[in-house]
Amino acid sequence: MKKALSVAIALSMVGLVPAWSTGASAVTLPSSIANLSASQIATLSLASAKAKGTCTNVSSGSAVGFTFGSTTNSGATQAQQLIRFNKYTGEALLIKGVVYVKLSATVINLEFSKPYPQYANKWISITAASKDYRAIATGLLFSSMITQVRPRGTLTKSGIVTLDGVKVIAIGGSANAELGPSAGKQTMFVEAAAPYLPVALDAAGRSQGVPTNLTVTFSNWGKSFSYAVPTHVVPISSTTLP
């Protein structure tokens, strides 16, 4: 279900590899990041994020003719995403490797280019064997979501600025294709104080050929998420959805 849902994240130095570049289990934080390079700051921030292992990200965006957004609780093995496409909604859960989706009639119509009212607002299960699985599952679990955050290419950094009352350093680069927009720019905002977690990101580029802007904010680092499998679920293989 790529159309609607995908619209709706190693530092190496010769002779020196800082402790915070070695993985989530070994994050030794410096007292300041002001003198680090843009690449070093991005790597440190993402190492701190991976050490937390979970978070909530809230996205909002726009393209020609529509707006979209989502709120995603990304855990290590479970995730929930509430989806908004214009005024229409949907929900996705990922539990023990199975995706469960419940979409409004309009979102189903947008996805499949024809109406399937019999499946509106009903839970549908999608396993990894389905061709639709990857498009929905990507970005839900924390391990997948965090790969979308770092900008690509040569990175630049700002001085310390204030974003929504938080002192941050902006790390700029090319749009990360894993996030969605391509051929554009992406900025990652890193908190200027320890543990230097990502605060937000902005991206602008093209998604499925359409000029698209996207903003994402992060919170609830390290919070535990747990969800129950929905009742009255229909396997997608048992539906007439293409």
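**Figure 1. Gln186 and its polar partners in the predicted model.** In this predicted model, a polar atom of the Gln186 side chain lies 2.9 Å from the backbone nitrogen of Asn176. The Gln186 side chain also reaches the backbone oxygen of Val149, again at 2.9 Å. Look for Gln186 in strand S9, where the residue counts as buried at 1% relative accessibility. Pro151 is worth finding in this view too: 35 residues separate Pro151 from Gln186 in sequence, yet their C-alpha atoms are 5.5 Å apart in space.

**Figure 2. Gln80 and its surroundings in strand S3.** Here we turn to another glutamine, Gln80, which belongs to strand S3 (residues 78-85). With a relative accessible area of 16%, Gln80 falls under the 20% cut-off and is therefore buried. Its side chain makes a polar contact with the side chain of Glu91 at 3.1 Å. Leaving aside residues up to four places away in sequence, Gln80 touches Thr71, Thr72 and Asn73, then Glu91, Ala92 and Leu93, and also Tyr227.

**Figure 3. Helix H2 and the elements that cover it.** Helix H2 spans residues 38-52, 15 residues in total. From first to last C-alpha, H2 reaches 22 Å, close to the 21 Å expected at 1.5 Å a residue. Of the 15 residues of H2, 11 are buried, so the helix is largely enclosed by the rest of the structure. To trace the buried residues, start at Ala38, skip to the run from Gln40 through Ile41, Ala42, Thr43, Leu44, Ser45, Leu46, Ala47 and Ser48, and finish at Ala49. Their cover includes helix H5 (142-145) together with strands S7 (152-163), S8 (166-174), S9 (182-191) and S10 (198-207). After H2 comes Gly53, which has a positive phi near 85 degrees.

**Figure 4. The open sheet, its edges and the helix packed on it.** The sheet is open and is built from 12 strands with mixed pairing. Reading across, the order is S7-S8-S9-S10-S11-S1-S2-S3-S4-S5-S6-S12. S7 and S12 (234-235) stand at the edges with a single partner strand each, so each has one side without a neighbour in the sheet. H2 packs on this sheet, where it touches S7, S8, S9 and S10, and the direction of H2 makes about 75 degrees with that of S7. For a closer look at one pairing, find strands S5 (residues 98-103) and S6 (residues 124-126), which run antiparallel and are joined by three bridges. Within this view, Val101 stands opposite Ile124 in S6.

**Figure 5. Aromatic pairs and a phenylalanine cluster.** The structure holds six aromatic pairs. One of them is formed by Phe66 and Phe85, whose rings are stacked, with 5.1 Å from centre to centre and 20 degrees between the planes. This pair links distant parts of the chain, since Phe66 lies in strand S2 (residues 66-74) and Phe85 in strand S3, 19 residues apart. Phe66 and Phe85 are both buried. Phe218 and Trp221 make a tilted pair, because their ring centres are 5.9 Å apart and their planes meet at 35 degrees. Phe218 is buried with a relative accessible area of 10%, and Trp221 is buried too, at 17%. Before leaving this view, find Phe68 as well: Phe66, Phe68 and Phe85 form one aromatic cluster.

Notes: Residues numbered from 1 in each chain as written. Predicted model: local features only at pLDDT ≥ 70, side-chain atom pairs only at ≥ 80, totals over all residues. Heavy atoms only, no water. Helix = DSSP H or I, 4+ residues; strand = E, 2+ residues; numbered from the N terminus. Expected span 1.5 Å × (residues − 1). Buried < 20%, exposed > 50% of the residue type's maximum accessible area, 1.4 Å probe, protein only. Contact = heavy atoms within 4.5 Å. Polar contact = N/O pair within 3.5 Å; in protein donor to acceptor, adjacent residues only side chain to side chain. Phe/Tyr/Trp six-rings, centres within 6.5 Å; stacked < 30°, edge-to-face > 60°. Pairing = 2+ DSSP bridges. Axes fitted to C-alpha atoms, helices over the stretch in contact; angles between N-to-C directions.
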